[in-house]
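Visitor: Hey, I'm new to this one. Can you walk me through a few of its charged spots?
Guide: Sure, let's bring it up and start.

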Amino acid sequence: VSEADRQGRRDLRDWQMVTIDGEDAKDLDDAVSCVMEGENYRLGVHIADVSNYVQEHSALDVEAQKRGTSVYLTDRGIPMLPHKLSNGICSLNAGEDRLALSCIMLIDPNGKVIDHEIAETVIRVDRRMSYTAVQKILEEHDEALCLEYEPFVPMFERMKELAALLRGKRIRRGSIDFDFPETKIILDAQGKPVDIKPYERNTATNLIEDFMLIANETVAEDFFWQEVPFVYRSHQTPDPERMKKLAAFISNFGLTIHGLREDIHPKELQKLLGNIAGTPQEALISRLTLRSMKRASYTVDCLGHFGLATQYYCHFTSPIRRYPDLQIHRIIKDNLRGRMNAEKIAHYEGILPEVAKHSSETKRRADEAERETEKLKKVEYMEQHIGEVFGGVISGVTEWGFFVELPSTVEGLVHVTALEGDYFRYDANAYELVGEATGKRYKLGQKIRVKVERTDRILRTIDFKVEEE
């Protein structure tokens with residue numbers, strides 16, 4: 001970072017700050033700092049200033065916009081920007097001077113942002129922390145780690161307190177938290193899957209999530225009221241028809257959703273997820289609830305975010321791997337530097353609808369590619385376990401059979417033709433298969449033992465057979 005680069009920026013290099021990421025993360029685009037000011041928390045979310053290096057209309061920018069997002073497949077990442085930028089000068093590596101856009105918020109003891117500032121800054125991260133280490137310090141008070149990171153432990157404790165306040169406030173207003181275990185697929189050097197396990201969230205991952213959410217909300221609200229062209233992350237109210245279907249299904253479990261009008265409140269779905277927490281049908285009803293909702297997308301209008309129960313939301317915190325964030329950074333900087341004149345406004349109004357549309361499409365494409373490679377690796381993994389028996393839960397029922405999910409998150413199908421000794425009819429209302437002669441039922445959420453029959457890499461399918469007790 002040259003002297004010229006630092007001109008006109010706030011120098012925050014003496015602020016205590018860290019990055020907290022997964023062990024294998026290479027592109028570190030957010031750093032956090034937290035100090036007390038009286039009873040209030042001064043939270044800094046410092047984001048890599050990628051727009052300093054990727055100029056609009058440059059070859060880099062054209063390619064980044066085309067890609068729209070980095071894609072993280074099971075065994076590789078396909079970055080939006082070249083590694084020299086994403087893992088190099090833009091990455092907030094510890095001990096290095098870096099350019100950032102900082103959202104610095106003053107948050108009161110109720111979790112309310114009472115003041116904030118968005119500024120171009122120069123920062124220097126003190127330590128690169130991993131989620132695992134921070135989790136061990138905060139939850140297990142691991143002696144060796146507490147000693148190693150002694151100067152930072154008080155800050156981590158403050159952060160934990162603040163994250164709990166922010167999360168509590170979000171939950172009170174109705175934010176929906178889908179706590180699905182993500183899948184962690186362990187590969188050997190040849191890319192062969194050797195283990196699959198659910199990847200659970202913990203205090204440290206939640207803490208970063210809470211801080212990023214509040215920064216994204218704060219920036220979106222600021223720019224909404226400034227009435228300048230912007231890109232929001234929107235999530236609209238679910239379709240009433242889909243909600244009716246969900247309500248009909250959950251009534252089988254004695255559950256209800258109130259307010260099935262056009263304007264269902266997210267709090268209703270949050271309550272539903274609270275009621276099923278820890279029950280055998282939790283994963284299943286959570287999934288169906290998620291499928292009943294609309295997909296989030298990028299929009300130029302501020303349409304609100306249903307799932308987070310907030311009126312203002314955008315993606316500001318990951319410009320290394322998401323194009324909308326990079327686009328927003330340019331708008332913020334033009335605004336900060338007093339360049340947001342009529343000509344600039346017209347320019348952004350001209351380009352943003354297409355940026356939002358294309359970014360939504362590339363995000364969907366990336367999600368699908370991630371899901372497909374995950375499926376492929378799961379099939380490869382189960383190839384090694386043909387003939388073995390596993391316990392699982394029925395996660396989906398259709399007229400052609402039912403799906404069983406194993407604790408490792410692997411899912412396979414028991415085809416209706418593989419159900420012996422009876423003719424099974426599908427009851428669409430109760431989401432179950434019923435044997436005509438025996439009355440035997442296979443229904444959602446039911447625990448079951450299955451044997452791995454066959455796998456197909458091309459179709460990415462796994463076939464199970466019921467293993468009678």
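Visitor: Is lysine 66 buried or exposed?
Guide: Lysine 66 is exposed, with a relative accessible area of 53%. Keep in mind that this is a predicted model.

Visitor: Okay, and what does glutamate 63 form a salt bridge with?
Guide: With lysine 66; the closest N and O atoms of the two are 3.8 Å apart.

Visitor: Where do those two sit relative to each other in helix H2?
Guide: They're three residues apart in H2, which spans residues 59–67, so about one helical turn separates glutamate 63 from lysine 66. Glutamate 63 itself counts as partly exposed, at 30% relative accessibility.

Visitor: Why would side chains like that pair up?
Guide: Side chains of opposite charge can pair when their charged atoms come close.

Visitor: How many salt bridges does the structure hold?
Guide: It holds 42 salt bridges. One of them joins the side chains of glutamate 268 and lysine 271, at 3.2 Å from N to O.

Visitor: How far apart are glutamate 268 and lysine 271 along helix H9?
Guide: Three residues, so again about one helical turn lies between them. Glutamate 268 is buried, with a relative accessible area of 14%, while lysine 271 is partly exposed at 45%.

Visitor: What about glutamate 432, which residue does that one form a salt bridge with?
Guide: Arginine 441, and their closest N and O atoms are 2.2 Å apart. Glutamate 432 is buried, at 6% relative accessible area, whereas arginine 441 is partly exposed at 42%.

Visitor: Which residues are linked in a network of salt bridges?
Guide: Glu3, Arg6, Asp11, Arg13, Asp97 and Arg124 are linked that way.

Visitor: New topic: which residues gather in a patch of positive charge on the surface?
Guide: Lys112, Lys169, Arg172 and Lys267 do. Lysine 267 belongs to helix H9, residues 266–276, and is partly exposed, with a relative accessible area of 33%.

Visitor: Let's do helix H6. How far apart are its end C-alpha atoms?
Guide: They're 31 Å apart. H6 has 21 residues, 153–173, and at 1.5 Å a residue it should span 30 Å, so the two values agree.

Visitor: And which residues of H6 are buried?
Guide: Quite a list: Val153, Met155, Phe156, Arg158, Met159, Leu162, Ala163, Leu166, Arg167, Gly168 and Arg170.

Visitor: What follows H6?
Guide: Glycine 174 does, and its phi is positive, near 110°.

Note on methods:
Residues numbered from 1 in each chain as written. Predicted model: local features only at pLDDT ≥ 70, side-chain atom pairs only at ≥ 80, totals over all residues. Heavy atoms only, no water. Patch = residues over 30% accessible without salt bridge, like charges linked within 9 Å, V, L, I, M, F, W, Y side chains within 5 Å. Areas by Shrake-Rupley, 256 points an atom, 1.4 Å probe, with all protein chains shown as cover. Salt bridge = Lys/Arg side-chain N within 4 Å of Asp/Glu carboxyl O. Lys, Arg positive; Asp, Glu negative; His and termini not counted. Charge placed at Lys NZ, Arg CZ, Asp CG, Glu CD. Helix = DSSP H or I, 4+ residues; strand = E, 2+ residues; numbered from the N terminus. Buried < 20%, exposed > 50% of the residue type's maximum accessible area, 1.4 Å probe, protein only. Expected span 1.5 Å × (residues − 1).
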